[in-house]
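Please open the model in the viewer and keep the sequence panel visible. The tour proceeds by selection, one stop at a time.

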Amino acid sequence: MNPDDPASTVEDTVFLKLVRVVNLTARPFQQRVGRLHQLTLNEWRTMALLGARPGLTATQLTDLTGLDKMAVSRALAGLQRAGRLHRHEDPTDQRRSRLYLSSAGKAVHAAVAVQAREREAELFAGVAAPELQQLNATLDKLIASVACCSASAPPGVSTRDAEAA
């Protein structure tokens, strides 16, 4: 939204467009994938990372997904209840657990990953490769910027509170 342009609206803001894209792409998840596999979107986000990078910690998952600690905790609890996740004590720090998909988790991951790749191909079908590369680079910059600002929240203030200020 450009405050100097009277024709500009809140719908024109890049931020709102990003939020809208996330919502529009996440909305069909439950209908297409979640019901079939008894899987929430946050459980899938967690599984996708653990499928690619076994042995992550909950803190690493929080950082990589951008979800808050409680959302990651609930996703991990759901995966564990469903028998899709194993926790192993971290050999370097017994206070931490390393997280791995179980055999059942790997099977669900493999099935859903195929659907996720198909969905991604649908979403980006109308975007040229150079545009997609530029979008990817821009998103990396935004993630780094937000992560930097979130990490600098004062003690006692959650990153969500710091971002809202």
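The stops below go from the whole chain to one helix, then to a helix pair and to the salt bridges.

**Conventions**

This is a predicted model, in which local features need pLDDT of at least 70 and side-chain atom pairs count only at pLDDT 80 or more, while totals for chains, interfaces and linings use all residues. Residues are numbered from 1 along each chain as its sequence is written, and side-chain values use heavy atoms, with hydrogens and water left out.

**Stop 1: the whole chain**

Select the protein chain and colour it by secondary structure; seven helices and two strands appear. Helices (H or I, at least four residues) and strands (E, at least two) are DSSP runs, numbered from the N terminus. Read from the N terminus on, the order of elements is α-α-α-α-β-β-α-α-α. Of the 165 residues, 25% count as buried; buried means under 20% relative accessible area, exposed over 50%, and partly exposed in between, with a 1.4 Å probe and protein chains only. Among contacts (heavy atoms within 4.5 Å) between residues at least 6 apart in sequence, 45% join residues at least 24 apart.

**Stop 2: helix α2**

Next, select residues 41–52, which form helix α2. The end C-alpha atoms of α2 are 17 Å apart, in agreement with the 16 Å that its 12 residues should span at 1.5 Å a residue; the expected span is 1.5 Å times one less than the number of residues. Display the side chains of Glu43, Trp44, Thr46, Met47, Leu49 and Leu50, which are buried in α2. The cover over these buried residues includes α1, α3 (58–65), α4 (69–81), β1 (85–90), β2 (93–101) and α5.

**Stop 3: α2 against α5**

Add residues 103–123, helix α5. How do α2 and α5 pack? Their angle is about 105° and their axes are 10 Å apart. Axes are lines fitted to C-alpha atoms, for helices over the stretch in contact, and angles run from 0 to 180 degrees between N-to-C directions. The angle makes α2 roughly perpendicular to α5, a term for angles of 65 to 115 degrees. On the α2 side, show Trp44, Met47, Ala48 and Gly51; on the α5 side, show Gly105, Val108, His109, Val112, Ala113 and Ala116, which complete the contact. By class, this contact has seven nonpolar, three polar and no charged residues.

**Stop 4: the salt bridges**

The structure holds five salt bridges, each a side-chain nitrogen of Lys or Arg within 4 Å of a carboxyl oxygen of Asp or Glu. Select Glu122 and Arg32, whose closest N and O atoms are 3.3 Å apart. Glu122 lies in α5 and Arg32 in α1 (residues 14–37), so this pair ties together parts that are 90 residues apart in sequence. Glu122 is partly exposed at 47% relative accessible area, and Arg32 is partly exposed at 44%.

Now add Arg119, which pairs with Glu122 at 3.5 Å between the closest N and O atoms. Arg32, Arg119 and Glu122 are thereby linked in a network of salt bridges.

Finally, move to Arg95 and Asp93, a salt bridge with its closest N and O atoms 3.0 Å apart. Arg95 counts as exposed at 76% relative accessibility, whereas Asp93 counts as buried at 16%.

Definitions and conventions
Angles under 35 degrees count as roughly parallel, over 145 as roughly antiparallel, 65 to 115 as roughly perpendicular and the rest as oblique. Ala, Val, Leu, Ile, Met, Phe, Trp, Tyr, Cys and Pro count as nonpolar, Asp, Glu, Lys and Arg as charged, and the others, Gly among them, as polar.
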